[in-house]
Amino acid sequence: MFTPISKRQHFPTVLLFMLVIASLLLASCGTATTPTAVEVTRVVKETQVVKETQVVKETQVVKETQVVKETQVVKETQIVKIVFGSLPRDETLILAGTASNDVWDTFTLMAGALTNAYSGHQQVAIEQAFLVAAGKYYPHLAQKWEYNADGTEMTLFLTTNATWNDGKPVTIDDWTFTLDYLHTNKDKGVPWGTLLDNTKYRTDGTDKIIFSFFDIKDPTKPVTNWRFHSSIAGFVPLAKHIWEGQDPVTFKNNPPVEAGPYKLDNCNADTKTCIWERRDDYWMKDAKLSPKYIVFTRQPAPDLLTQEMIKGSFDISQLTPKLAMSVVMPKNPNISMIEWPDPCPRHLWFNVGRAPMDDPAFRHAMSLLIDRKKAGNLDNPPAKPMVAEWSYQGDAPDPNYADPADIAQYDVGKYDPAKAAKMLDDAGYKLVNGKRVDKKGKPISLSVMTFDPSIHGAAVNGFPTMMADEAAKIGIEILPKVVEVGVYFDNSAKGNFDMMYQWVCGGAPSDPIGAYNGLHSRYLKPEGTAAAANPGRYNNPELDALVEKIEQGNPADPVTIGYYKQLYHIVTADAPYVPLFFLYQGFPWNNEYFTGPKDQVEPWYWMFQFRGLLMFIDKAK
Amino acid sequence: MTSILQIRDLSVGYASRRTVGLAVTNVDLDVEKGEILGLVGESGCGKTTIAVALLGLIEPPGVIQSGSAQLMQDNGKSIDLVNIKPDLLRQIRWKEIAYIPQGSMSALNPVLRVRQQMTDTLRQHGLNKTEAIERARWALNLVSLDAAVLDKYPHELSGGMNQRVAIATAITMQPAILVADEPTTALDVVTQRSILQELIKIRETFGTTIIVISHDMGVMAQVVDRMAVMYAARILEVGMVLNIFDAPLHPYTQKLIGSIPKETGQHLEGMEGEAPSLWRYPPGCRFHPRCQLTSSICMETVPELREIVPGQFVACHHCG
Amino acid sequence: MERNLKSLDKPDRNPAQFRSTLRNKLQPYTPVIMYILRRFGIYLITVWGAVTLAFIFFHSMPGDPFSIIFSALERENIGRVTGGPEVAAAYKRMLGLDQPLFIQYIFFLRNVLIRGFDLGPSFINFPQGTREVIFRQLPWTIGYFTTAMLIAWGIGTLFGALLGWMRRKGFTSVAIAIATLLQITPVYIIAIAAIILLGYQLQWLPTGQPYDPGLMPNWRDWNFIKNVLWHAVMPVSSMVLIWGASFTLGMRSLMISVLGEDYLTYANAKGLSPAIVLRDYAFRNALLPQVTSLGIALGGTINGVLILEAIFVIPGIGGIFIRAMALHDFNVMQGVVLLSIVTVLTLGLIVDLFLPFLDPRIRRLND
Amino acid sequence: MINFKLTIGILLIALLLVTAIVGPLITPHFFPGEDPTEVGAYPTLDLPSPKHPLGTDILGRDAVVIIINGIRLSLIIGVVGGFMSTLIGVILGFIAGYVGKRTDTILRIFIDMVLVIPILPLLLLLSLYIPKWNIFTMGILLGIFSWAFVARTTRAQVLSLRERSYVDLARLNNEGTLEIIFEELLPGLLPYVILSLAGATVGNMLAEAGLQLIGIGAGLPPTLGSIMGRAYNGGALSLGLYGQLLIPAGILIMVFLALNLINMGLEERFNPRLRQYAEER
């Protein structure tokens with residue numbers, strides 16, 4: 001009834017199976033599956049040669065010229081490396097990044113797809129109204145903007161000759177459709193979903209959209225908004241004929257129909273590689289788009305990446321500057337570093353909702369415990385200590401926006417444990433047998449939330465430990481708490497921290513409002529529920545008032561600028577957060593095929609800013 | 001009668017790190033053709049070791065110290081079973097000397113059907129498949145088992161049936177000698193009897209010489225013609241079973257016989273002390289610590305087997 | 001018993017008798033059937049329990065994926081996505097995450113059982129479904145690790161058998177020492193060593209990546225397949241090294257215990273040639289427990305792959321799992337865990353149910 | 001008679017313990033006037049030099065010193081976790097094995113459940129929410145969720161033990177359950193308990209190291225695993241800092257080797273008792 005399995009039945013099968021596998025492996029050994037180089041012939045120059053003949057007759061001399069058109073073509077052949085199947089290396093820009101996500105067939109800026117930062121879609125396929133690069137605006141889908149006298153309206157002048165990469169023209173209908181479409185879907189996490197909350201638009205002809213701004217509480221009441229252009233600059237209209245009737249969340253937009261200069265060739269989820277090809281019919285004729293192909297691919301583990309960079313397989317990668325400078329650059333002369341200050345300065349935030357962080361004196365004391373210089377030196381290139389949110393390079397801040405007296409008075413960015421101890425004594429945090437106690441007499445024990453060195457560098461990871469050592473000397477226990485990115489955002493949004501490292505973005509030197517409005521009490525949420533900003537639960541009517549004034553004032557207006565000093569005073573005096581340092585990012589760039597961008601441009605090739613970077617990349621001679 | 005097997009001065013031991021403990025010490029024994037010889041003794045006295053040695057199954061740490069066991073073949077040639085080349089040994093196994101294992105339940109391979117276990121030997125000795133199966137059926141028939149057993153696994157059979165299968169397997173090649181090691185242990189009395197009768201039947205049918213190894217005097221009484229009493233790796237007494245039962249000469253044998261219940265209500269005398277382990281045998285006569293006749297000589301010199309009564313050999317200083 | 005046996009051989013045509021013979025036929029196996037039913041019941045309970053455990057565990061995790069994702073988005077692309085918390089709330093409503101846990105549990109069970117392993121959308125890969133994300137990458141995991149496991153098993157069983165058979169030879173001790181050393185080395189250390197030596201120093205083998213980035217997956221193209229295999233050499237062989245070693249040692253000890261059995265002595269006494277003894281008696285008897293260990297090992301695969309996939313950049317389940325963890329995408333985590341639970345337990349069940357059919361000894365135990 | 005394997009194993013472990021305990025006391029003398037473990041004490045990722053035989057790590061600490069401390073931390077994690085899991089495992093396994101019947105079935109199902117859920121990484125994730133997060137909490141968490149294997153082996157042992165004749169004897173002399181447990185069973189169980197403890201300890205060490213290697217459960221003072229992980233993910237090889245990757249790895253292997261040697265040695269000593277345990281592993 002039950003027959004026992006016999007060796008003859010399954011034993012050789014195992015053997016056979018192994019043999020097959022083994023032979024396959026052997027067969028596959030050492031076979032190069034893709035051609036690595038081909039000979040191509042390129043037309044180098046074409047010249048027209050004019051031939052002139054003279055015919056002499058007895059009677060008269062007739063000089064006739066007959067023009068013989070013939071083209072003489074000088075050809076030269078050269079060896080070109082072939083990469084990614086069929087792409088000539090010298091026309092292909094290869095960007096290696098830490099691509100990690102699993103969505104490789106969806107090309108939208110919506111919801112989860114937004115976490116797909118390495119497909120290249122938002123870098124080279126989409127077209128924005130203006131490109132912002134190195135602080136300048138470059139007109140693309142829009143030409144210029146004009147505010148009316150009192151700044152309650154802004155007129156946006158559209159580009160008329162733009163076309164989608166399926167050939168259809170980009171019309172004002174696409175714009176209006178997109179504005180409404182995004183607004184109706186705003187609770188699905190679409191970009192600019194809340195744009196129309198306090199703005200209405202009307203069109204004028206086929207090339208003008210006029211936005212007018214109103215109070216979010218009372219739509220009839222117009223308000224001024226001199227910064228609207230900065231929020232609309234990166235606006236990406238959607239193709240109406242593609243998107244109409246689609247659900248922004250589930251629609252894949254594959255192949256992507258966009259107005260940008262590059263078309264999708266293919267994407268591969270297994271190797272996390274996407275290949276983009278330049279549009280022949282790109283509408284902006286004078287645009288400088290040196291690479292014919294752009295490849296976004298995943299970079300291997302550091303040691304192997306180092307090898308690849310030495311071989312020049314990639315044009316840019318997120319190799320650590322240390323490796324790039326000490327290992328790669330000596331071996332490969334074509335590699336140079338692009339270094340630039342990260343525009344988002346790093347801060348130490350206090351959870352003002354919790355004691356003793358609710359006491360400004362305590363916050364200042366904590367700030368004094370941080371040896372910013374020493375911590376900064378952990379990074380390479382070193383992070384520079386800073387004294388104002390927007391003062392790039394850590395230079396002395398622009399006196400128009402900050403009062404040097406404040407900096408001196410509140411020793412911004414100073415390191416002075418002794419003084420910290422004294423401040424704490426004065427503020428009544430007494431030393432009880434070696435431990436400092438808070439107002440309730442409990443020994444103080446706080447945590448500082450930060451990242452692993454692999455995420456934002458060693459300085460960011462190291463300073464809490466240094467702080468802890470200093471704090472221990474004056475009797476306060478500080479636990480550095482290194483967390484995963486997800487946990488970090490969760491905790492910071494919900495105010496579930498004592499102190500944390502965080503960055504503040506949007507503090508443009510000319511108009512650093514972005515550095516302050518994150519402290520406005522409009523973002524205030526009780527601890528435990530996620531807040532969009534103001535993670536420290538800071539609440540200060542004075543600051544709110546100033547922020548609102550600046551937001552409505554014209555940045556060019558000296559009065560507005562005047563407010564900044566007061567704002568800076570409040571922030572330095574009250575210290576809801578204290579500045580740490582500017583990080584200097586550094587990436588190796590391979591100049592063999594394409595010469596790198598200038599240093600002042602941020603090579604954020606994992607974000608839409610890369611589109612601006614493209615303008616600074618030339619083909620190597 | 002001619003002896004078919006002559007064991008001379010056989011010593012088998014088990015090697016430890018330092019010494020070798022002898023489980024069989026200088027044993028001399030003749031087995032007559034066609035007789036049933038009983039090898040009796042307490043467990044651990046070395047009787048099974050003898051069987052194992054005869055079958056050439058001694059494996060490390062076991063070692064054959066000395067001695068020989070000449071097996072007379074029909075063609076008059078004789079083979080020494082204890083030092084023999086492996087391949088030759090393999091040939092004569094089962095053809096000349098077969099083996100009925102102790103506790104055949106564990107001796108049969110649980111994952112093979114009886115058919116295969118019975119035939120593979122035959123195939124090994126050059127029968128083809130059909131012949132082999134025929135022979136197996138015939139053998140089973142002989143031990144009064146149904147041929148259906150062939151398609152069963154050992155665990156599907158009762159203990160008795162397993163034992164019969166073992167016997168059937170043993171006689172498939174009609175060997176000259178059959179070594180039955182404790183053929184009846186772990187069987188109920190009824191089965192015991194029938195198994196023993198099978199043995200007798202086999203002897204009568206083929207005139208096979210059978211060596212029955214057992215600790216059970218009852219078994220001896222039932223089947224054996226001649227028996228050899230072993231104690232502490234030595235043979236103490238050899239003789240016709242009837243004589244020994246009537247007049248045991250060696251004190252040890254006397255005690256063994258004495259320990260068999262005869263009629264109810266009779267008081268059984270036990271044996272004080274216990275058998276020595278093979279690592280430390282007492283000098284001289286190995287039984288002397290438990291013997292009531294012990295005298296100084298017993299402690300010094302080893303008694304030889306001497307023929308006291310015709311056909312009855314005893315190794316004791318105090319007999320006759 | 002005997003009569004019963006006869007009836008097994010030639011069943012009567014007479015219906016009444018036939019029925020009785022049928023009863024007779026079934027009668028000896030009723031314990032087996034009972035055993036099967038009982039074992040299956042336990043299996044179902046365990047699966048259900050484990051899944052529930054996992055569900056509760058995941059849903060009681062503090063982090064909530066949407067606020068993480070959107071607060072991340074708000075910080076990453078400035079001024080584009082706004083109103084994070086509201087959006088997060090909207091999504092939670094949409095996916096019923098605001099429901100009480102019990103309701104969610106009911107829905108979860110319904111989706112998994114009725115809608116065929118539907119675990120809802122993956123949060124980080126929204127709107128992609130968890131099922132799609134997992135099943136797109138599962139083949140890689142299976143392809144790599146199951147293959148490696150089978151090869152390791154085959155090699156290990158052979159070596160183990162030989163080592164056991166020649167247990168008295170001196171040289172085996174060397175082999176055993178090596179095997180032990182390999183077996184105890186954490187697999188990730190071997191992996192890294194292989195990458196360093198073969199991939200980084202000598203640059204003989206590709207490390208990580210399923211195939212050259214340039215290639216387009218096309219399973220009809222021999223070149224592509226060759227490339228995939230070429231890339232598989234290092235991961236697979238390093239796994240085979242480790243697992244093969246442990247299988248070898250396991251098989252060896254099995255062989256040795258079998259070689260001590262009475263029936264081996266008996267087989268020798270029967271004058272069988274060593275080849276047959278090895279094949280039919282020793283190997284055969286040691287093989288079945290070895291099959292069990294294979295089943296169990298295969299079950300453990302998914303748990304074992306986390307680190308290896310991360311190290312060898314294989315687009316498999318492990319990678320998904322780790323990423324999902326980083327952003328608390330507990331639908332995906334749940335899917336992976338569910339998958340591994342079911343695999344492990346099912347393989348365990350198969351082993352328990354079918355081994356008795358393969359190995360009469362166990363059947364005896366059950367009766 | 002001394003057992004070779006046993007001796008070597010014990011020696012290795014002893015060596016490790018000595019390094020872990022004495023090391024931190026000695027190392028400061030090599031760095032007079034400075035704290036080699038202080039963040040930013042030296043330039044980061046320095047190449048090996050007489051002063052720093054293994055160079056410095058990414059936070060500018062002396063690699064040798066943090067590896068020595070790493071041994072200590074890893075051992076603490078391992079031991080704490082080991083005790084935790086052995087405690088839970090032995091108790092549950094014992095109950096399952098001794099009480100038997102339905103209790104056994106239920107407990108066995110429960111054990112299987114826990115065994116099949118790959119719960120460790122999730123746990124480390126959760127751990128990041130624990131406010132006071134240090135190696136002890138880490139060890140305890142590891143322990144709490146790695147007891148299932150111990151439970152299973154213990155159960156098997158108890159099952160085989162309670163069938164032993166002397167236990168029946170005790171029952172026949174109607175000794176109390178507690179007497180039976182404490183006088184008959186536990187002594188017999190002790191070797192397995194000790195081995196489970198050792199096994200669980202090493203198991204937890206390796207698990208922690210593996211997860212650290214791929215960056216899960218960051219945020220501890222540098223254990224061997226995280227040192228290895230940072231070296232690997234920081235391109236230590238290209239920088240020429242081989243030691244920072246290979247030496248922690250070597251130590252981990254050594255620990256496991258030592259344990260196995262001891263295990264095998266004990267087997268050879270008390271063969272029949274421990275063979276079954278060995279086959280369980």
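So, the hairpin in chain B: strand S11 (residues 306–309) and strand S12 (residues 312–314) run antiparallel and are joined by 3 bridges. Strands here are DSSP E runs of at least two residues, helices are H or I runs of at least four, and both are numbered from the N terminus. Two strands pair if DSSP finds at least two bridges between them. B:Val309 has B:Gln312 in S12(B) as its bridge partner. There are 2 residues between the strands, and B:Gly311 takes a positive phi near 80°.

Before I go on, this is a predicted model: local features need pLDDT of at least 70, side-chain atom pairs count only at pLDDT 80 or more, and totals for chains, interfaces and linings use all residues. Residues are numbered from 1 along each chain as its sequence is written, while chains are lettered from A and ligands numbered from 1 in the order in which they are written.

How confident is the predictor in the complex, by ipTM and pTM? It gives 0.77 for ipTM and 0.79 for pTM. In chain D, the mean pLDDT (the predictor's confidence in each residue, from 0 to 100) is 80, and 87% of the residues reach 70 or more. Helix H2 (residues 63–99) of chain D has the highest confidence in that chain, at 90, and helix H12 (residues 271–280) of chain D the lowest, at a mean of 40. Over residues 272–281 of chain D, pLDDT is below 50, yet that stretch has 15 contacts in the model beyond near neighbours in sequence. A contact means C-beta atoms, placed from the backbone, within 7 Å. Where pLDDT is low, don't read the predicted coordinates in detail.

Now chain A, helix H11 (residues 417–427). A:Ala420, A:Ala421 and A:Leu424 are buried there. Buried means 20 or more other C-beta atoms within 10 Å of the residue's own, exposed means 12 or fewer, partly exposed is in between, and C-beta atoms are placed from the backbone. Those three sit on the same side of H11(A), because they cover an arc of only 100° around the axis, taken from the directions from the helix axis to the C-beta atoms. On the other side, A:Ala418 and A:Asp426 are exposed. The cover over the buried residues includes helix H8 (360–368) and strand S21 (435–436) of chain A. Just after H11(A), A:Gly428 has a positive phi of about 95°.

Last bit, the contact between chains C and B. Chain C puts in 27 residues and chain B 24. On the chain C side, H11(C) gives the most, with 6 residues.

How values were computed:
Contact = placed C-beta atoms within 7 Å.
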